[in-house]
Amino acid sequence: MSTTVESTPAGRAYPSYSRNPLARLLLTREAAVIVALVVVFVYSTYNVPFFDGPLTIYNLSKEYAPILLMALPMTLIIVTGEIDLSVASTLGTSAAVTGVMVVEHGMSVPTAALMAVAVGALLGSLNGFFVAYVGLPSLAVTIGSLALYRGLAEGLVQDNRIAGFPEKWQNWPTERIGTSQYPHIVIPVLVLVVVFGLVLHFTSFGRGVFEIGRSDEAAHFSGVNVARTKLILFTLSGAVAGLAGVYVALKANSVATDTGNGFELKVIAGVLLGGVSIFGGRGALHGVVAGVLLIAVLNSALQLDGKGSEVIQIIIGLLLVGSVIASNFLPRIRALLPRRAVADPQHPATPQTPTTGDPTRKVAQ
């Protein structure tokens with residue numbers, strides 16, 4: 001009788017720790033976006049004063065708060081390998097609900113805002129139901145709901161622009177916090193950034209989101225309720241878009257049929273530019289925040305430099321395409337870097353002796 005004994009490898013290494021720590025820190029898309037943001041910010045500050053000129057931190061915060069808000073749940077959705085193209089239409093519908101309830105029916109702004117957020121959550125849950133439980137592709141579902149929800153907004157507003165919100169509520173989101181450069185809208189934005197960051201990176205729900213992005217089937221067998229998780233994410237996306245719609249309506253003191261039109265491109269571009277893989281399974285919220293801010297600074301600086309909207313759209317489109325391409329090439333570059341072996345304490349390294357032929361050997365018993 002004989003037993004086959006496999007030869008023991010010289011040592012085992014954990015892939016995530018097998019490279020130089022500095023390379024692991026710097027050779028990431030998030031780090032590249034943060035560096036680019038700092039460079040563009042410093043350059044723009046030098047050429048276009050941020051605090052004394054028209055390109056101010058106040059204006060950037062005020063204009064791009066709804067984009068950053070919608071990018072937070074969009075990050076989690078794209079990490080799962082899905083996408084929501086209807087966020088801007090949901091924003092427009094929620095803004096229209098706010099305008100109709102406040103201006104035409106005399107409802108208080110807080111009550112109308114709660115109703116608008118609830119409408120946004122309902123619209124998002126419809127997307128989530130068809131994606132999670134019916135099994136339809138999110139791209140097809142949200143393209144359809146993009147047109148449907150925009151039609152709902154147009155039906156509510158019709159041919160007239162709804163205007164005339166109470167001045168107190170109209171000014172509150174854009175008023176400065178004391179003597180600082182930041183408007184009041186920064187407060188809920190920061191709160192939601194912290195909440196979504198903690199949920200994605202420090203909870204079992206967030207780990208399930210990453211598992212779904214790597215493999216739906218594997219996540220299911222590891223105990224993740226895939227359908228429920230996707231439904232929750234799409235509902236959150238709709239609710240946050242509803243909140244952004246209330247803010248946009250109050251800030252502009254009006255609601256039109258095209259309110260929020262085109263916002264979805266900036267939201268998705270910011271998420272992908274921030275390092276989230278379009279294929280799912282990878283991403284970090286701090287990179288998304290940096291990506292949205294980078295687009296905000298570029299957009300505002302180009303406008304002040306006299307560039308037309310077509311140039312800005314071209315640049316945002318190039319950034320979007322480049323971020324997708326980078327997701328394929330950066331892992332290949334990292335793979336070319338030398339690795340350092342890290343021994344597994346449960347399987348200590350053992351000396352290897354030169355062998356020829358079959359690495360297995362027979363031991364007679």
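**Exercise 1. In this predicted model, work out how the span of helix α6 relates to the expected one, and on which side of α6 its buried residues lie.**

Step 1. Helix α6 runs over residues 138-157, which gives 20 residues, and from its first C-alpha to its last it reaches 28 Å, close to the 28 Å expected at 1.5 Å a residue.

Step 2. Counting a residue as buried when its relative accessible area is under 20%, one finds Ser138, Val141, Thr142, Ser145, Tyr149, Arg150, Ala153 and Val157 buried in α6. These residues lie on the same side of α6, because they cover an arc of only 155 degrees around the axis. The spacing fits a general rule: an α-helix has 3.6 residues a turn, so residues three or four places apart point the same way.

Step 3. Turning to the other side of α6, one meets the exposed residues Ala140, Ala147 and Leu148.

Step 4. The cover over the buried residues of α6 includes the helices α4 (87-104), α5 (109-132) and α11 (226-252), together with the strands β2 (162-163) and β3 (254-255).

Step 5. After α6 comes Gln158, which has a positive phi, near 60 degrees.

**Exercise 2. Determine how helix α8 is oriented against helix α9, and which residues make the contact.**

Step 1. Helix α8 (residues 186-202) and helix α9 (residues 204-214) pack with their axes 5 Å apart and at an angle of about 65 degrees, which means that α8 is roughly perpendicular to α9.

Step 2. From α8, the contact is made by Val199, Leu200 and His201, and from α9 by Phe205, Gly206, Arg207, Val209 and Phe210.

Step 3. Sorted by class, the contact of α8 with α9 has five nonpolar, two polar and one charged residues.

Conventions
Residues are numbered from 1 along each chain as its sequence is written. This is a predicted model: local features need pLDDT of at least 70, side-chain atom pairs count only at pLDDT 80 or more; totals for chains, interfaces and linings use all residues. Side-chain values use heavy atoms; hydrogens and water are left out. Helices (H or I, at least four residues) and strands (E, at least two) are DSSP runs, numbered from the N terminus. The expected span of a helix is 1.5 Å times one less than its number of residues. Buried means under 20% relative accessible area, exposed over 50%, partly exposed in between (1.4 Å probe, protein chains only). The arc is that of the directions from the helix axis to the C-beta atoms. Contact means heavy atoms within 4.5 Å. Axes are lines fitted to C-alpha atoms, for helices over the stretch in contact, and angles run from 0 to 180 degrees between N-to-C directions. Angles under 35 degrees count as roughly parallel, over 145 as roughly antiparallel, 65 to 115 as roughly perpendicular and the rest as oblique. Ala, Val, Leu, Ile, Met, Phe, Trp, Tyr, Cys and Pro count as nonpolar, Asp, Glu, Lys and Arg as charged, and the others, Gly among them, as polar.
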